[in-house]
Amino acid sequence: MQHGKYRFIVGFLAAPLALYALFVIWPFIQSIYYSFTDWTGLSPDFTMVGFDNYSRMLDDEIFWKSVQHSLTFAVVLPLVTVGLALFFAFMLNVGGRRRGGAAIAGVRGSSFYKIVYFFPQVLSIAIVALLFQFAYNPNSGAINSVLKAVGLGSIQPDWLGDPDLALICVMAVLVWSTVGFFVVLFSAGMASIPRDFYEAALLDGANRFTTFFKITLPLLWDTVQSGWIYMGILALGAESFAVVQIMTVGPNGGGPDFSTIVLPLYVYQKAFRDGQAAYATTIGVALLIVTLAFAAIVMKVGRRERLEF
Amino acid sequence: MKTTDTASTGVETPGSPAGPGPAVTKIEAPAARRTAKAEGATLNVFSHGVLIIWAIMVVMPLLWAVMTSFKTDKAIFTSPWSLPDGLHFENWSRAWTEAHMSDYFLNTLLVVGGSLVGTLLFGSMAAYVLARFEFPGNRFIYFLFIGGMSFPIILALVPLFYVMQNMALLNTLHGLILVYIAYSLPFTVFFLTAFFRTLPTSVAEAAFVDGASHTRTFFQVMLPMAKPGLISVGIFNFLGQWNQYLLPTVLNTEPEKKVLSQGLVQLAVSQGYKGDWSGLFAGLVMAMLPVLAAYIIFQRQVVAGLTAGAVK
């Protein structure tokens, strides 16, 4: 296998690696470098300013608001999404009527539920965000008219226009669009847990809740943990940018009184609206640190003895 | 890549009744079964209840959008949930022509078509070499690719904008294709490297002994064998690239070059001034339907493709 091996390796790696280095690696390195300059992005001239951008960032009230919202996303969204998805997946796989002596059974039509739940996953987050922007419309939106129809006409919240509600509304949309994915993922994991584990537990008199916490969850732990990280990275990155940028406009973007601004959107605004490219990369570096810290914490906290079956 | 902390067979949490554990006495068993049966029935009703509620919550917004796209503007505002008084197909034709949905579709097709082919070709080439050949720097290059998965893209986008500008790639479809490929490589390489490692080495060796070059072995022997993996990662990338919003929003801002998702967002902003909400909803539904239809037809493959390696 030695004949022409290195020529082949170089030939095959050159194009992908060049593309990746030019469009991904190089910009990443550059952006860390630019965070120590006063580059505006509008002209090619800049000078080194040391840690000026960083000290400015630490005094920036809107930056701290973005950090707070992004952290809320990273903590609340995985918690709610993974929690709901585990609940639904358990219902789908174990919540059914017992048939033919099987210890556990999935509900009838579980494949139908899985197909439907997965719908939002194939849609663009931009389309989902637009759709819900209309659904949240206080005057003619779908949600407020449902409230009217069921006799709750006195409760007509301003949803996205209300600084106290806007962030929750945005998070609800992200939950809506991602739960299905995790339901399907966890269902696949649950299906591979041997049936006799459940048999044995039921014979010992364990109820479904004990079964869930003593059997299902420990055996599914790896999947849950990676799902948690995956969802957190989504919530910190591109997905949160799309929903917040599209759904909450406000005079400055990022919702009424910056009530929904998140880190990626703030980077975008500083770089492409305010002509402060260097400062934008500084905020981007902060986002990078938050993302890596999040992944590290989840892995540290979630570390358990691995169960094999 | 998963590590096992304890090399053991079937370690269970203390108190867990699973496994071959203590024998169950025969007296307890029937009673336990009876209560479990009653519990099963109530649980069955309850689980169907919550499952149906969530199914409705998923489907209703989509049905509402379809319904709204057939209504007149006036009906949209006065009675959001009523059925349309007739099928106003003119909303759809207005969206297709006047609102440039046809252009957005064409641009998206071109960009996704080009980048999907490029991603699969470059991704499988790099993955094959990294999976099957030992050379200095192999591990380093592998982790360089993998690292791209967890980094926030927005951080790179600020300098990338100016890199593209200097290379005259900004606001061009081929520039967008190159960027899509580059940002799809981390996951593609990660997934396909694992896949190529699982393929038997003997077939490639036989081809090589028969005098095929490395390149020929790759294209005529290995790629056909890797077809299931290519389909999974292809579906994953297709949906990701078709639905991409962040990259085009930053790198492709010229109105006539826009792709579907950003075009719709622009449409929403401009329709706000024109007041053509029905046309906008028609555009939204038009963008949703092909993907949903494709998903329902290829449901099994799509689910496998999206979940296979997404969380590993």
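## The interface between the chains

Chain A and chain B together bury about 10,300 Å², and carbon and sulfur atoms carry 78% of that area. On the side of chain A that touches chain B, helix α1 (residues 5–34) of chain A gives the most, with 22 residues. That side of chain A is made up of 73 nonpolar, 23 polar and 15 charged residues. Please keep in mind as you read on that this is a predicted model.

How many residues of each chain are in contact across the interface? On one side there are 111 residues of chain A, and on the other 113 residues of chain B. As for polar links, 13 residue pairs are in polar contact between chain A and chain B, counting pairs with both residues at pLDDT 80 or more. Salt bridges are a simpler story: the rule finds zero of them across the interface of chain A and chain B.

## Chain A as a whole

Now to the fold of chain A. Its secondary structure comes to twelve helices and zero strands, so to speak an unbroken run of α from the N terminus on. Of the 309 residues in chain A, 56% are buried.

Which share of the contacts in chain A joins residues at least 24 apart? Among contacts between residues at least 6 apart in sequence, the share is 65%. The accessible surface of chain A comes to about 12,600 Å², with 64% of it belonging to carbon and sulfur atoms.

## An enclosed helix in chain A

Helix α11 (residues 263–272) of chain A deserves a look of its own. Nine of its ten residues are buried, so helix α11 of chain A is largely enclosed by the rest of the structure.

Which residues of α11(A) are buried? They are Leu263(A), Pro264(A), Leu265(A), Tyr266(A), Val267(A), Tyr268(A), Gln269(A), Lys270(A) and Ala271(A).

## A loop residue in chain B

Over in chain B, Asn243(B) sits in the loop between α10 (227–242) and α11 (246–251) of that chain. Is Asn243(B) buried or exposed? With a relative accessible area of 12%, Asn243(B) is under the 20% cut-off and therefore counts as buried.

What does Asn243(B) touch, leaving aside residues up to four places away in sequence? From chain A, Asn243(B) meets Val122(A), Leu123(A) and Ser124(A), and from chain B it touches Ser261(B).

Conventions:
Residues numbered from 1 in each chain as written. Chains lettered and ligands numbered in written order. Predicted model: local features only at pLDDT ≥ 70, side-chain atom pairs only at ≥ 80, totals over all residues. Heavy atoms only, no water. Helix = DSSP H or I, 4+ residues; strand = E, 2+ residues; numbered from the N terminus. Buried < 20%, exposed > 50% of the residue type's maximum accessible area, 1.4 Å probe, protein only. Contact = heavy atoms within 4.5 Å. Areas by Shrake-Rupley, 256 points an atom, 1.4 Å probe, with all protein chains shown as cover. Buried area = accessible area lost by both parts, 1.4 Å probe. Salt bridge = Lys/Arg side-chain N within 4 Å of Asp/Glu carboxyl O. Polar contact = N/O pair within 3.5 Å; in protein donor to acceptor, adjacent residues only side chain to side chain. Nonpolar A, V, L, I, M, F, W, Y, C, P; charged D, E, K, R; others polar.
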